[in-house]
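Open the model in your viewer and colour it by chain. We will take the tour one selection at a time, so keep the selection tool handy.

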Number of protein chains: 2
Amino acid sequence: MKALEEKILREGTVLPGHILKVGSFLNQQLDVPFLMEMGQEIARLFADCGVTKVLTIEASGIAVAVAAAAAFGTPAVFAKKHKSGNVSGDVLTTTVHSYTHNTDYEIMVSREYISPTDRVLLVDDFLANGKALIGLAELVRQAGAETVGAAVAIEKGFQKGGDALRKAGLRVESLAIVESMSDTSLTFRAQ
Amino acid sequence: MKALEEKILREGTVLPGHILKVGSFLNQQLDVPFLMEMGQEIARLFADCGVTKVLTIEASGIAVAVAAAAAFGTPAVFAKKHKSGNVSGDVLTTTVHSYTHNTDYEIMVSREYISPTDRVLLVDDFLANGKALIGLAELVRQAGAETVGAAVAIEKGFQKGGDALRKAGLRVESLAIVESMSDTSLTFRAQ
């Protein structure tokens, strides 16, 4: 999505540790009109997939998921994060490793919100090592539903999580793929 | 908003401890088409206020804030929660008491995302004792900006936080105000 690449170049900042800061439009501050355009683009890419539900993880995935679900006209569901394994009730749950914080956390969704007939699109704001998407796909598997693919706003192509998921057979569409970045330059993968 | 009252009666569940569970459309699962209608209603209510930015708190406020900002055509900003006082950088921050979890937490926003010229609408999914909205208004005050009011999806009228804020001069609009609730009945305040 050319408009997203241009926005990253214009407003993004590269911080030490391969952190791409896009807090002015995708994280802490949300450029909502632009976000809704991203949602439209996601709906266009997965138009032929019969998506019935969008699934993400709190907190920063929620905005992109809402934008995508608005374009599809479907509900969105967000998995909650728990640092402990203290989860009760009839829930779908799995463990995700965070490289950023070097810790494991549980994600969970009440079973009632993903039914076996659902065709689920996974959505997130960032894709780096792919562990969050793998966790979400596991929740869908536990529900007996089908994952039709994953849509991500910004993929860090150099961290290879997206490529690994694609090799494993998951359809992953990223609106922008950062192929390399440094203090002075940022390049995108041609799509 | 009559449609929201009907949806609460149809899909909401009252749990012990005055908890109103609306996870099927407003929390864990989001009925996004309906959410966008709520955003339109919020934009209608505050149409004459020159809103330039919508401010909420992660995580469950984000969806309503995105819907409202989409209707206004403005950015949304979400304050982050921290359990500790460990906040650095040029940030706006204050302490909020959570009655639900009986604990204090910090909320913070980077100063760059609220400018002194902003006219800010506070948005949240629930209003009970009002402490979250008071915290958000404090962040706006620190930024030197103006709070034009607060829009909430569901207010628990019997917890009096909304009425206290109105008495203090804040314009608070709730799309539904639950006046009383029990296992067997739920009544709304006429608006």
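Two residues are in contact here when they have heavy atoms within 4.5 Å of each other. Keep that cut-off in mind as you look around this predicted model.

**Stop 1: the interface.** Select the residues where the two chains touch. You should find 32 residues of chain A in contact with 32 residues of chain B. Of the interface residues of chain A, 100% are also interface residues in chain B, so the copies meet through the same surface.

**Stop 2: how much is covered.** The size of an interface is often given as the accessible area lost when the parts come together. Here chain A and chain B bury about 2500 Å² between them, with 65% of it on carbon and sulfur atoms. Now select Gln28(A), Gln29(A) and Tyr113(A): in chain A these lose the most area to chain B, together 29% of what that side buries.

**Stop 3: charges and polar contacts.** Show the side chains of Lys21(A) and Glu112(B), which meet in a salt bridge, 3.2 Å from N to O. Between the two chains the count is 2 salt bridges. Across the interface there are also 15 residue pairs in polar contact. On the side of chain A that touches chain B, at least two residues each come from strand E3 (29-30), helix H2 (32-45), helix H3 (61-72), strand E5 (76-82) and strand E7 (103-110) of chain A. The residues on that side divide into 19 nonpolar, 8 polar and 5 charged.

**Stop 4: strands that cross over.** Switch to a cartoon view and find E5(A) beside strand E3 (residues 29-30) of chain B; they pair in the antiparallel sense over 2 bridges. Click on Val77(A), and its bridge partner in E3(B) is Gln29(B).

**Stop 5: the axis.** What rotation superposes chain A on chain B? A turn of 180 degrees, with 0.0 Å of shift along its axis, does so with an RMSD of 0.0 Å. That is the relation of a two-fold axis. Of the residues of chain A, Ala59(A) comes closest to this axis, with its C-alpha at 2.5 Å.

**Stop 6: unusual backbone.** Most residues other than glycine have a negative phi, and most peptide bonds are trans. Stay on Ala59(A), in the loop between strand E4 (53-57) and H3 of chain A. The peptide bond from Glu58(A) to Ala59(A) is cis, with omega near 0 degrees. In chain B, a cis peptide bond joins Glu58(B) and Ala59(B), with omega about -5 degrees. Finish at Lys160(A), in the loop between strand E9 (146-156) and helix H5 (161-167) of chain A; its phi is positive, near 70 degrees.

Definitions and conventions. Residues numbered from 1 in each chain as written. Chains lettered and ligands numbered in written order. Predicted model: local features only at pLDDT ≥ 70, side-chain atom pairs only at ≥ 80, totals over all residues. Heavy atoms only, no water. Buried area = accessible area lost by both parts, 1.4 Å probe. Salt bridge = Lys/Arg side-chain N within 4 Å of Asp/Glu carboxyl O. Polar contact = N/O pair within 3.5 Å; in protein donor to acceptor, adjacent residues only side chain to side chain. Helix = DSSP H or I, 4+ residues; strand = E, 2+ residues; numbered from the N terminus. Nonpolar A, V, L, I, M, F, W, Y, C, P; charged D, E, K, R; others polar. Pairing = 2+ DSSP bridges. Least-squares fit on C-alpha atoms with pLDDT ≥ 70 in both.
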